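This report examines how one protein chain is folded. The reader is invited to keep the sequence and the structure in view while following the text.

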Amino acid sequence: MQETSKVSIEDLPSISIVIPTYNSEQTLAQCLESIVRQDYPREKIEIIIADGGSKDKTLETAEKFEVDKLLHNPLRTGEAGKAVGVETAENEIIAFIDSDNILPSLSWLKTMVEPFNDLDVVGTEPLYY
C-alpha cells in the first residue's frame, strides 16, 4: 500500500468511526486495537459502537478501549447500527468499519481520507484488504 504524504495534524479531518456490533466478543478487540494504533491523532477520531443487544462480552471490550459512544441498536442489524451511529456522529468524515475488520496498516486512515482533499470526492472505499 502506498504511504501518504506528510500532512500536519491540523490539516487532517476529524473522523467518526461507526462500528455496528452484536456478540462481537471474538473480534472487536482486534478491530479496536487496529483503530487506536493508527498513525492518526486520537483526538480527531470518534469511535461509536452501536450494539444490537450483545449477550457476550462485547460491551466490556468496548469499555476497555474507552470508545467515545456506546449506543443501543434496537433493530439489531448491521445497517440499523450504522444508522444509529450516524445520527450521533459529530466529525467531518464518517467511516463504517465492521467489528470483524482489522485495519491493514498503521496509515490506513490517512490513506482513506486523502482523496477528500478533492472537494468533488464524497466517499472512498478500499479496493482490497
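The report treats the sheet, the helices beside it, the nonpolar core and three individual residues in turn.

## The sheet

The model is predicted. Its four strands form an open sheet in the order β3-β2-β1-β4, and the pairing is parallel. The edge positions are taken by β3 (69-72) and β4 (93-96); each has a single partner strand, so one side of each has no neighbour in the sheet. From one strand to the next, the twist averages 25 degrees.

The pairs of strands are listed below, with the number of bridges that join each pair and one example of residues that stand opposite each other.

| Strand pair | Bridges | Example of partners |
|---|---|---|
| β1 and β4 | four bridges | Ile-15 and Ile-93 |
| β1 and β2 | seven bridges | Thr-21 and Asp-51 |
| β2 and β3 | four bridges | Asp-51 and His-72 |

Another partnership between β1 and β4 places Ser-16 opposite Ile-94. Asp-51 of β2 appears in two rows of the table: Thr-21 stands opposite Asp-51, and the bridge partner of Asp-51 in β3 is His-72.

## Strand β1 and its surroundings

Is strand β1 mostly covered or mostly open? Seven of its seven residues are buried, and β1 is thus described as mostly covered. In a regular strand, the side chains alternate between the two faces of the sheet. In β1, Ile-15, Ile-17, Ile-19 and Thr-21 lie on one side, while Ser-16, Val-18 and Pro-20 lie on the other, and the residues on both sides are all buried.

From β1 the chain passes through helix α1 (residues 25-36) to β2, and this β-α-β crossover is right-handed. A right-handed β-α-β unit is also made by β2, helix α2 (residues 58-64) and β3.

Helix α3 (residues 78-88) packs on the sheet. This helix touches β1, β2 (45-51), β3 and β4, and its direction makes about 150 degrees with that of β1. The buried residues of α3 are Ala-80, Gly-81, Lys-82, Val-84 and Gly-85. These buried residues pack against β1, β2, β3 and β4.

## The nonpolar core

In soluble globular proteins, nonpolar side chains tend to be buried together. The largest nonpolar core of this model has 23 residues. Which of them touch the most other members? They are Ile-15, Ile-17, Ile-19, Leu-32, Ile-35, Ile-97 and Leu-109. At least two residues of this core come from each of β1, α1, β2, β4 and α4 (108-113).

Ile-19 gives a view of these surroundings. Leaving aside neighbours within four places in sequence, Ile-19 is in contact with residues including Leu-28, Cys-31, Leu-32 and Ile-35. Its contacts also include Ile-47, Ile-48, Ile-49 and Ala-50, as well as Ile-97, Asp-98 and Ser-99.

## Three individual residues

Gln-38 is placed in the loop between α1 and β2. Is this residue buried or exposed? Gln-38 has a relative accessibility of 6% and therefore counts as buried, since the limit for a buried residue is under 20%. The side chain of Gln-38 reaches the backbone oxygen of Ser-105 at 2.8 Å. Apart from neighbours within four places in sequence, Gln-38 is in contact with Leu-103, Ser-105, Leu-106, Ser-107, Trp-108 and Leu-109.

Ser-24 lies in the loop between β1 and α1. Its relative accessibility is 6%, so Ser-24 counts as buried. Not counting residues up to four places away in sequence, Ser-24 touches Ser-54, Asp-56, Thr-58 and Ser-99.

Phe-96 belongs to strand β4. At 45% relative accessibility, Phe-96 counts as partly exposed. Phe-96 touches Val-18, Lys-82 and Val-86, when residues up to four places away in sequence are not counted. Of these, Val-18 is a buried residue of β1, and Lys-82 is one of the buried residues of α3. Phe-96 and Ile-48 are 48 residues apart in sequence, and their C-alpha atoms are 9.7 Å apart in space.

Key. Residues are numbered from 1 along each chain as its sequence is written. This is a predicted model: local features need pLDDT of at least 70, side-chain atom pairs count only at pLDDT 80 or more; totals for chains, interfaces and linings use all residues. Side-chain values use heavy atoms; hydrogens and water are left out. Two strands pair if DSSP finds at least two bridges between them. Axes are lines fitted to C-alpha atoms, for helices over the stretch in contact, and angles run from 0 to 180 degrees between N-to-C directions. Contact means heavy atoms within 4.5 Å. Buried means under 20% relative accessible area, exposed over 50%, partly exposed in between (1.4 Å probe, protein chains only). A crossover is right-handed if, with the strands pointing away from the viewer, the path from the first strand over the helix to the second runs clockwise. A nonpolar core is a set of buried Ala, Val, Leu, Ile, Met, Phe, Trp, Tyr and Cys residues joined through side-chain atoms within 4.5 Å. A polar contact is a pair of N or O atoms within 3.5 Å; within protein, one must be able to donate a hydrogen and the other to accept it, and residues adjacent in sequence count only if both atoms are side-chain atoms.
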